[in-house]
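Colleague: I am new to this structure and would love a close look at a single part of it. Could you pick one helix and walk me through its surroundings?

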Amino acid sequence: MIAHAPEGRTEAASALRGHALAQGAKSLVVEARPTKRTCRYVLAVVPGDRRVDLGRIAELAGGRKAGFAARSTAERLAGSVSGSIIPFSFHPELELIVDEDLLRHDMLYFNAARLDLSMALPTDDYVRMARPRTARISEALTG
């Protein structure tokens with residue numbers, strides 16, 4: 001456990017925790033629409049130095065399009081406030097998909113469902129506990 005000043009932005013939290021940005025597990029709730037009337041939610045976990053590829057999430061979820069879930073929906077499904085979402089899903093409506101590049105590191109870092117507390121977790125332990133679906137779901141940051 002790593003205590004630090006309250007921070008929900010991955011880049012700033014990674015600096016506070018003292019690790020490479022690529023080791024930060026950035027967790028975002030995405031809404032995929034397989035049809036106009038149906039919706040699937042995905043907890044997309046990507047390296048801190050990358051962004052979620054919404055087109056790829058839509059494809060993996062069998063959807064036509066995808067976008068970020070409303071903040072209230074994301075917080076309800078994740079069980080924590082935006083900026084502190086952990087890379088685990090405990091809600092039956094929230095499918096966990098982790099970018100395969102994140103799992104190349106020996107250790108992962110993420111906020112522990114609080115803005116002022118983070119966790120460092122060996123990647124092998126994370127995979128064993130979370131049992132995530134893995135795929136390429138990120139792309140390089142631009143700008």
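Modeller: Happily; here is a tour of helix α4 and what lies around it.

A word on the ground rules comes first. This is a predicted model, in which local features need pLDDT of at least 70 and side-chain atom pairs count only at pLDDT 80 or more, while totals for chains, interfaces and linings use all residues. Residues are numbered from 1 along each chain as its sequence is written, and side-chain values use heavy atoms, with hydrogens and water left out.

Helix α4 covers residues 123-130. Helices here are DSSP runs of H or I with at least four residues, strands are runs of E with at least two, and both are numbered from the N terminus. Within α4, Thr123, Tyr126 and Ala130 are buried; buried means under 20% relative accessible area, exposed means over 50%, and partly exposed is in between, with a 1.4 Å probe and protein chains only. Looking down the axis of α4, you will find these buried residues within an arc of 55 degrees, so they line one face of the helix. That arc is taken from the directions from the helix axis to the C-beta atoms. Turn to the other side of α4 and you meet Asp124 and Arg128, which are exposed.

What does the buried side of α4 pack against? Its buried residues pack against four strands: β3 (40-47), β6 (94-99), β7 (107-114) and β8 (117-122). Contact here means heavy atoms within 4.5 Å.

Tyr126 also leads us into the protein's largest nonpolar core, where it is among the residues with the most contacts, together with Val29, Leu43, Val45, Phe88, Leu96. This core has 21 residues, and a nonpolar core is a set of buried Ala, Val, Leu, Ile, Met, Phe, Trp, Tyr and Cys residues joined through side-chain atoms within 4.5 Å. Besides α4, the elements β2, β3, α3, β6 and β7 each supply at least two of its residues. Apart from this core lies another, of twelve residues, with Val42, Val52, Leu60 and Ile137 among them. In soluble globular proteins, nonpolar side chains tend to be buried together.

To see the larger core from one of its members, try leucine 43. Leaving aside neighbours within four places in sequence, leucine 43 is in contact with residues including Val29, Phe88 and Leu96, and also with Ser27, Leu28 and Ile97.

Now follow α4 to where it ends. The helix is followed by arginine 131, whose phi is positive, near 50 degrees. Most residues other than glycine have a negative phi, and most peptide bonds are trans. Arginine 131 sits in the loop between α4 and β9 (133-135), and because its relative accessibility is 72%, arginine 131 counts as exposed.

One of the strands packed against α4 is β7, and alanine 113 in β7 has a positive phi too, near 60 degrees, in a residue other than glycine. With 36% relative accessibility, alanine 113 counts as partly exposed.

So, for your first visit, keep this picture of α4: a buried face lining one side of the helix, Asp124 and Arg128 exposed on the other, and arginine 131 following after.
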